[in-house]
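Open your viewer, load the model and keep the selection tool ready. We will start with the whole chain and then walk through it stop by stop.

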Amino acid sequence: MTTGRHSALELDPALDDYQLASALVREAGQLALLMRMAGLQPQQKTSISDVVTAADHAAEAYVLGQLQRCRPEDGILGEEGASVAGTSGRTWVIDPVDGTYNFLHGSTYWCSALALKDSSDVLLGAIFQPEEDKLWLGGTAHAATLNGDVLTAYQDTGAGQDGRARNATALAELGAATYIHPTWLMDPLCAMPWHAAATSAAALRMFGSGSCDLGRVADGQLGCWFQHSCPEWDWLPGKAIVRAAGGATDTVRINGLDWFMAGGTTAVRELRAALESGSVA
């Protein structure tokens, strides 16, 4: 009964983009959680750790349906196959369950994420971690927030705690979140840049949800983040929020792979240099 309520809930088209994004990720995340509680069987995609469930598909279908009704002129791109060509020049990017392996194995470290982009850049991002009740939101027209509170990790609070100092903190003084599938460590073209960056940080964390990581980079719980070959749904929601928080983001192509970075200005610059030191070119 509760699952039906969430799958059928219609949102108001009069909501602004940020309100709509917040409502969509919250509803999608709650729907996925309720479906997991009822029992799910995974299907393998590319590997034993790359899986999809009925909850992923149902959550994406819910967001797709709401967007088609509330923003009929916008395009839509989803991890699980949603693809709608819009006429507005804007596209919503959906990740219904980021961290599906965690989701299936009972970890709370997974989320629903959403981004809105135009032809030049990402406009907003929303990330909701249901079991922690954390909702990060931010974009070009909205300060980065966590559950409505403005994030100040990279801001001058005026109270003797200058968040701008985080932008000057060296990579060697920060913990770095990352992800690399074990099979990629067997490829020197990937392993060498990753190893150079990983060994440049003060500590290393690998939790299994890029959007959850990026939300925590934005709020200051994690020092920085790097990962290769991220599809838009794994990168754009967090990118928008980190930048709205005053942090930095960057991408660089090394040995044929695209690497993505987020954190303070200095950390991102030093991550890029470390990754480039692993280039064979």
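**Stop 1: the whole chain**

Before selecting anything, note that this is a predicted model. Show everything as a cartoon and colour by secondary structure: the chain holds nine helices and 15 strands. Turn the C-alpha trace along its principal axes, where the chain spans about 50 × 45 × 35 Å. How does the radius of gyration fit a compact globule? For 281 residues such a globule would have a value near 19 Å, and the chain has 18 Å, so the two agree.

Next, switch on the surface. The accessible surface comes to about 11,900 Å², and 52% of that belongs to carbon and sulfur atoms. Buried residues account for 53% of the 281 residues in the chain. If you colour by charge, you will find 18 positive and 32 negative side chains, with the centres of the two sets 2 Å apart. Contacts across the sequence are worth a glance too: among those between residues at least 6 apart, 61% join residues at least 24 apart.

**Stop 2: the largest nonpolar core**

Hide the surface and select L24, V63, L67, W92 and L114 as sticks. Of the 33 residues in the largest nonpolar core, these touch the most other members. Now highlight α2 (17-38), α3 (54-70), β5 (91-98), β6 (111-117), β7 (122-129) and β8 (134-139), each of which supplies at least two residues of this core. Which element gives the largest share? That is α2, with eleven residues. In soluble globular proteins, nonpolar side chains tend to be buried together.

Zoom in on L67. Leaving out residues up to four places away in sequence, L67 touches L20, L24, P72, I76, W92 and I94.

**Stop 3: another core**

Apart from the largest core lies another one, of 30 residues. To find this other core, select W136, L151, C212 and W235, which are among its members.

**Stop 4: D17, in a helix**

Go back to α2 and pick D17, which is found in this helix. Is D17 buried or exposed? Its relative accessible area is 18%, and D17 counts as buried because the cut-off is under 20%. Show the residues around D17: beyond those up to four places away in sequence, D17 touches R71, R90, W92, L116 and L124. Try a distance label from D17 to L124. They are 107 residues apart in sequence, yet 8.4 Å apart in space, C-alpha to C-alpha.

**Stop 5: S209, in a loop**

Now select S209, in the loop between β12 (203-205) and α7 (210-219). With a relative accessible area of 1%, S209 is buried. Which residues is S209 in contact with, leaving aside neighbours within four places in sequence? Show D98, G99, N102, Y109, W110 and C111 to see them.

**Stop 6: two residues with positive phi**

End with a look at the backbone. Select D133 in the loop between β7 and β8. Its phi is near 50 degrees, a positive value in a residue other than glycine. D133 is partly exposed, at 44% relative accessible area.

Then move to N255, in the loop between β14 (248-254) and β15 (257-263). Phi of N255 is near 55 degrees, again a positive value in a residue other than glycine. N255 has 18% relative accessibility and counts as buried.

Notes:
Residues are numbered from 1 along each chain as its sequence is written. This is a predicted model: local features need pLDDT of at least 70, side-chain atom pairs count only at pLDDT 80 or more; totals for chains, interfaces and linings use all residues. Side-chain values use heavy atoms; hydrogens and water are left out. Helices (H or I, at least four residues) and strands (E, at least two) are DSSP runs, numbered from the N terminus. The radius of gyration is taken over C-alpha atoms; the globule rule is 2.2 Å times the number of residues to the power 0.38. Buried means under 20% relative accessible area, exposed over 50%, partly exposed in between (1.4 Å probe, protein chains only). Contact means heavy atoms within 4.5 Å. Accessible areas come from the Shrake-Rupley method with a 1.4 Å probe; for residues, only the protein chains shown count as cover. Lys and Arg count as positive and Asp and Glu as negative; His and the chain ends are not counted. The place of a charge is taken as NZ of Lys, CZ of Arg, CG of Asp or CD of Glu. A nonpolar core is a set of buried Ala, Val, Leu, Ile, Met, Phe, Trp, Tyr and Cys residues joined through side-chain atoms within 4.5 Å.
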